Amino acid sequence: MEKAIGRVSQPYSFCSVCHRNHGEGRKHIFTTQHKNRLASTLSKFSNKVRAARRLLQKPKVVDGELEPGAKLWCYCCQQEVTRHVTDGTTTVEWGGLLEHMASPQHHKKTRHFWWFHGAEQNRLQTFLLFGAEYKRFKAMVADAMRALETQREERMKKVRLLHSHISPRLSSSPHPFLHLPPRSPHNP
């Protein structure tokens, strides 16, 4: 068996961006294929992050459950993240992703992802959410929840008022739907 002269064999490692095993070591992150796939991956993820960040200034709280069970993949943490935060009756759009982006675990894993895959440092801040931003977001969500609760109470008042106007009419006739005009062959 001949010995390879001048070649040091690298242990195989898996690149989560390129989805392949390689024995190139750190040289792999400088290949054209890796750079292209990294740019594509970060572009896809940044579209979702941008959509979530738009709601930092004006959170959207929705009555009901929006996209139940919707999840997305965090490429930096290599895990699924809940897209929206919901309690079944109220949903905060993109609340799950924003909460994840503010977590210390996400910060640590994102910084490691950036170093390990050789991503551009100037884009790192886009994928992180810091404490002050997140606290401000939570305060605005609380205000939006109070406004939504007020809207719900107003709707309930209208329903009760409508019900009180309709119920006397329904109770005066023993069968209100039996007083419909009879159907004729000429008037179906």
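Is His 106 buried or exposed? The tour of this predicted model opens with that residue.

**Stop 1: His 106**

Select His 106, which has its place in helix α3, a helix made of residues 104–117. His 106 is buried, and its relative accessible area is 0%. Next, display the residues around His 106. Setting aside neighbours within four places in sequence, the contacts of His 106 are Cys 74, Cys 76, Cys 77, His 100, Met 101, Phe 127 and Leu 128. Add a distance label between the C-alpha atoms of His 106 and Phe 127: these two residues are 21 residues apart in sequence, and 9.2 Å separates them in space.

**Stop 2: helix α3**

Extend the selection to the whole of α3. With 14 residues at 1.5 Å a residue, α3 should span 20 Å, and its end C-alpha atoms are indeed 20 Å apart, which agrees.

Colour the buried residues of this helix: His 106, His 107, Thr 110, Phe 113, Trp 114 and His 117. Then turn the view to look down the axis of α3. The buried residues fall within an arc of 130 degrees, so they line one face of the helix. A general feature of helices is useful here. An α-helix has 3.6 residues a turn, so residues three or four places apart point the same way.

Which residues are exposed on the other side of α3? They are Pro 104, Lys 108 and Trp 115. To see what the buried residues of α3 pack against, show β1 (13–15), α1, β4 (71–74) and α2. Before leaving, select Gly 118, which follows α3 and has a positive phi, near 70 degrees.

**Stop 3: the cysteines**

Two cysteines come next, beginning with Cys 77, one of the contacts of His 106. A disulfide is a covalent bond between the sulfur atoms of two cysteines. How many disulfides does the count give? The count comes to zero.

Two distances may be checked in the viewer. The closest cysteine sulfur to that of Cys 77 belongs to Cys 74 and lies 3.7 Å away, which is too far for a bond. For Cys 18, the closest cysteine sulfur is in Cys 15, at 3.8 Å, and this too is too far for a bond. The cut-off behind this reasoning is 2.5 Å between the two sulfur atoms. Cys 77 counts as buried at 6% relative accessibility, and Cys 18 counts as buried at 4%.

**Stop 4: Thr 90**

Now select Thr 90, found in strand β7, which covers residues 90–92. Thr 90 is buried, with a relative accessible area of 6%. Beyond its neighbours within four places in sequence, Thr 90 is in contact with Val 61, Val 62, Gly 64, Val 85, Met 145, Leu 148 and Arg 152. Keep Arg 152 in view, for its side chain and that of Thr 90 are joined by a polar contact of 2.7 Å.

**Stop 5: Arg 152 and its partners**

From Arg 152, move to Asp 63. The side chains of Arg 152 and Asp 63 meet in a salt bridge, at 2.6 Å from N to O. This pair links distant parts of the chain, since Arg 152 lies in helix α4 (residues 131–172) and Asp 63 in strand β3, 89 residues apart. At 19% relative accessibility Arg 152 counts as buried, whereas Asp 63, at 36%, counts as partly exposed.

Add Glu 149 and Arg 155 to the selection. Together with Asp 63 and Arg 152, they are linked in a network of salt bridges.

**Stop 6: two further salt bridges**

How many salt bridges does a search of the whole structure find? The search finds seven. One of them joins Lys 60 and Glu 93, whose closest N and O atoms are 3.6 Å apart. This pair also links distant parts of the chain: Lys 60 is in the loop between α1 (32–54) and β3 (61–63), and Glu 93 is in the loop between β7 and α2 (95–101), 33 residues apart. Lys 60 counts as partly exposed at 44% relative accessibility, while Glu 93 is buried, with a relative accessible area of 14%.

Finally, select Arg 146 and Asp 143, which form a salt bridge with the closest N and O atoms 2.3 Å apart. Both residues lie in helix α4, three residues apart, or about one turn of the helix. Asp 143 counts as partly exposed, at 43% relative accessibility.

How values were computed: Residues numbered from 1 in each chain as written. Predicted model: local features only at pLDDT ≥ 70, side-chain atom pairs only at ≥ 80, totals over all residues. Heavy atoms only, no water. Helix = DSSP H or I, 4+ residues; strand = E, 2+ residues; numbered from the N terminus. Buried < 20%, exposed > 50% of the residue type's maximum accessible area, 1.4 Å probe, protein only. Polar contact = N/O pair within 3.5 Å; in protein donor to acceptor, adjacent residues only side chain to side chain. Contact = heavy atoms within 4.5 Å. Salt bridge = Lys/Arg side-chain N within 4 Å of Asp/Glu carboxyl O. Expected span 1.5 Å × (residues − 1). Arc of directions from axis to C-beta.
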